[in-house]
Structures are given as C-alpha cells and as structure tokens.
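I opened this one with a fresh page and a short list of things to look up. Here are my notes, in the order I made them.

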Amino acid sequence: MVAVHVTHPGDERDAQRLIEDWQRWDPGVELVQVSSAHRRLDEPLTADPVVAAH
C-alpha cells in the first residue's frame, strides 16, 4: 500500500511541508508525490512506476 499526493508544479513549498509532516507522523506507509500541472489523477498515477507497481 502507498499513499499518493498529487502536487501542482507551483506548490513545491506545500509539497515539502507535507513530506516533512509525513516523516514526523511515520504511519509506516510510503508517501509517493506525483506532479501534475492539471491536478489529474489518472495519467500521473498510471505513469508513476512506484504507484503502478502497487
């Protein structure tokens, strides 16, 4: 199981904050960040090899 966060290319600061919060929380689930200019889920998720493997 993986957790997926789709980020917008202009949201790097928020994305970094989420990574840091996730690491502190440490739920035992890998967090995969996928960038999408249109915040779409279908294409970025199927294109990401880590997500596609799960």
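**Entry 1: the end of α1.** I began where helix α1 stops. D26 follows α1, and its phi is positive, near 50 degrees. I should keep in mind that this is a predicted model. The sign caught my eye, as D26 is a residue other than glycine with a positive phi. I placed D26 in the loop between α1 and β2. Is D26 buried or exposed? Its relative accessibility is 58%, so D26 counts as exposed.

**Entry 2: the helix itself.** Next I checked the length of α1, which covers residues 12-25. With 14 residues at 1.5 Å each, the helix should span 20 Å. The C-alpha atoms at its ends are 20 Å apart, so the expectation and the model agree.

**Entry 3: two tryptophans.** I then searched the whole structure for aromatic pairs and got 1 hit. How do the rings of W22 and W25 sit relative to each other? Their centres are 5.1 Å apart and their planes make 85 degrees, so I logged the pair as edge-to-face; the cut-off for that label is over 60 degrees. Both residues belong to α1, and they are 3 residues apart, so about one helical turn separates them.

I also looked at how much of each partner is accessible. W22 comes out at 19% relative accessibility and therefore counts as buried, the limit being under 20%. W25 has 58% and therefore counts as exposed. So this pair joins a buried ring residue to an exposed one.

**Entry 4: the strands.** On to the strand pairing. Which way do β1 and β2 run relative to each other, parallel or antiparallel? I find them parallel, with 6 bridges between β1 (residues 2-7) and β2 (residues 30-35). I noted two of the partners: V2 faces E30, and V4 has V32 as its bridge partner. A reminder to myself: in a regular strand, side chains alternate between the two faces of the sheet.

E30 earned a closer look. This residue is in β2, and at 43% relative accessibility it counts as partly exposed. I also took the distance from E30 to V4: their C-alpha atoms are separated by 8.4 Å, although the two residues are 26 apart along the chain.

**Entry 5: the unit.** Putting these pieces together, β1, α1 and β2 form a β-α-β unit, and I have its hand down as right-handed.

**Entry 6: the whole chain.** Last, I stepped back. I count 3 helices and 2 strands, and along the sequence they come in the pattern β-α-β-α-α. What share of the 54 residues counts as buried? The figure is 22%. The accessible surface comes to about 4,000 Å², and carbon and sulfur atoms hold 53% of that. For contacts with a separation of 6 or more, residues 24 or more positions apart account for 60%. The pairing of β1 with β2 is one place to look at when reading that figure.

Note on methods:
Residues are numbered from 1 along each chain as its sequence is written. This is a predicted model: local features need pLDDT of at least 70, side-chain atom pairs count only at pLDDT 80 or more; totals for chains, interfaces and linings use all residues. Side-chain values use heavy atoms; hydrogens and water are left out. Two strands pair if DSSP finds at least two bridges between them. Helices (H or I, at least four residues) and strands (E, at least two) are DSSP runs, numbered from the N terminus. A crossover is right-handed if, with the strands pointing away from the viewer, the path from the first strand over the helix to the second runs clockwise. Rings of Phe, Tyr and Trp (its six-membered ring) pair if their centres lie within 6.5 Å; planes under 30 degrees apart count as stacked, over 60 as edge-to-face and the rest as tilted. Buried means under 20% relative accessible area, exposed over 50%, partly exposed in between (1.4 Å probe, protein chains only). Contact means heavy atoms within 4.5 Å. Accessible areas come from the Shrake-Rupley method with a 1.4 Å probe; for residues, only the protein chains shown count as cover. The expected span of a helix is 1.5 Å times one less than its number of residues.
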